Amino acid sequence: QYEIDFPHLMVAWKQQLAKEKGTSFRDRLLIKTEFIGGLSSLCAPLTNWALRTPWIRNVVEWVIGVHHERHILSFQRETFSKWWLGRQLVQTPVVGQKKVALFASCLVNYQATDVGKATVQVLEKNGVEVVFPSQQCCGMPSFDIGDIEAIQTAARSNLRALLPWVEQGYDIVVPVPSCSLMLKREYPALVPGADATKVSERTFDVCEYLMRMKREGSLATDFVQKPGRVAYQIPCHLRDQNIGFKSKELMEVAGAQVEVIERCAGHDGTWSAKTEFFDLSMKIAGKVVRDIKQVEPTLVASDCPLAGLQLDQAGATQGLGWKQTLHPIQIVRNAYGLPS
């Protein structure tokens, strides 16, 4: 009844906190996703070994303040952008009536690369032409320290890269909810103008886009295997978009029986990695894991790779050994029988 915009109220509080107390080296470092991702992927085998080595993690916790038990998504030597370039050299591009410019996110580019690959595979399976414009981090991590200027700089850069494709009739499709939320809602608020509005109006979460194709009668339904029973945790940044349960609906089209879990996984970007918040984050995740246990699923799914990582770690601590939380688009890709 008071019409309080709580997320933006929190951002304002973080801005004020940064002015009064400054920001720590750790907090400034953790939001540099492009720098960390680029460097870590360049020497991925060494980076991943270090992330799994207890004594190194203890040193990192002591020096920087990242909890030594915080699981971190493995970095990929072949980033999504490298995969895309290599694929373009050997494969004839799909040409279709529907055209998509993919905004992959830094998380997909450097770590959750298979989510990006599955997105491309499923779109092309459905006759959608896909391009991959130049892009940088959407800017959401900078909310952690209230750095609005950094987000505005990222927004202007991404808008310059995406707008020409929108003007050529392309839609923007995003597989990570945090980034689609930024393009849809935050860019028009932070960089007001026609450019941000145009991009916002043509931006879709990947499952939202595919379900729109389903309503139009253009989604391929020649699935070759049923996913089974899926426990689906819907991320907070996807619920915040008010588009309904498109990922659930898409998995059901693919033959899955889906149980939705509307709880926060407790990862929250860099928050759960910080030493002082890690234990609380795992308690939050534990509630989701208990709900998953009641479902007795064949598969566990979440649209956010970080939420999936959190659930995998919390599930392992409770002795629930599902193999890996998947993105819904990976489940749909597998249901089509496309190679992973």
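This is a chat about strand pairing and one helix contact in a predicted model.

Student: Hi! Which way do E1 and E2 run, and how many bridges join them?

Tutor: Strand E1 (residues 99-102) and strand E2 (residues 129-131) run parallel, and three bridges join them.

Student: What is the bridge partner of Ala 101 in E2?

Tutor: That's Val 131. Ala 101 also stands opposite Ile 172 in E3.

Student: OK, so E3 comes in too. How many bridges join E1 to E3?

Tutor: Three, and E1 and strand E3 (residues 171-174) run parallel. Another residue to look at there is Leu 102, which stands opposite Val 173 in E3.

Student: And what about E3 and E4, in which sense do they pair?

Tutor: In the parallel sense, over three bridges, with strand E4 covering residues 203-205. Val 174 of E3 stands opposite Asp 205 in E4.

Student: Where do the E3 residues point, and are they buried or exposed?

Tutor: Asp 171 and Val 173 point one way, Ile 172 and Val 174 the other way, and all are buried.

Student: Switching to helices: at what angle do H9 and H10 pack?

Tutor: About 115 degrees, with the axes of H9 (residues 148-167) and H10 (residues 177-190) 10 Å apart. The two helices are therefore roughly perpendicular to each other, and H9 passes H10 in a left-handed crossing.

Student: Nice. Which residues meet there?

Tutor: From H9, they include Ile 148, Ile 151, Gln 152, Asn 158 and Leu 162; in H10 they are Met 182, Leu 183, Tyr 187 and Leu 190. The residues of this contact divide into 10 nonpolar, two polar and no charged.

Definitions and conventions: Residues are numbered from 1 along each chain as its sequence is written. This is a predicted model: local features need pLDDT of at least 70, side-chain atom pairs count only at pLDDT 80 or more; totals for chains, interfaces and linings use all residues. Side-chain values use heavy atoms; hydrogens and water are left out. Two strands pair if DSSP finds at least two bridges between them. Helices (H or I, at least four residues) and strands (E, at least two) are DSSP runs, numbered from the N terminus. Axes are lines fitted to C-alpha atoms, for helices over the stretch in contact, and angles run from 0 to 180 degrees between N-to-C directions. Angles under 35 degrees count as roughly parallel, over 145 as roughly antiparallel, 65 to 115 as roughly perpendicular and the rest as oblique. A crossing is left-handed if the near helix is turned anticlockwise from the far one by less than a right angle, and right-handed if clockwise. Contact means heavy atoms within 4.5 Å. Ala, Val, Leu, Ile, Met, Phe, Trp, Tyr, Cys and Pro count as nonpolar, Asp, Glu, Lys and Arg as charged, and the others, Gly among them, as polar. Buried means under 20% relative accessible area, exposed over 50%, partly exposed in between (1.4 Å probe, protein chains only).
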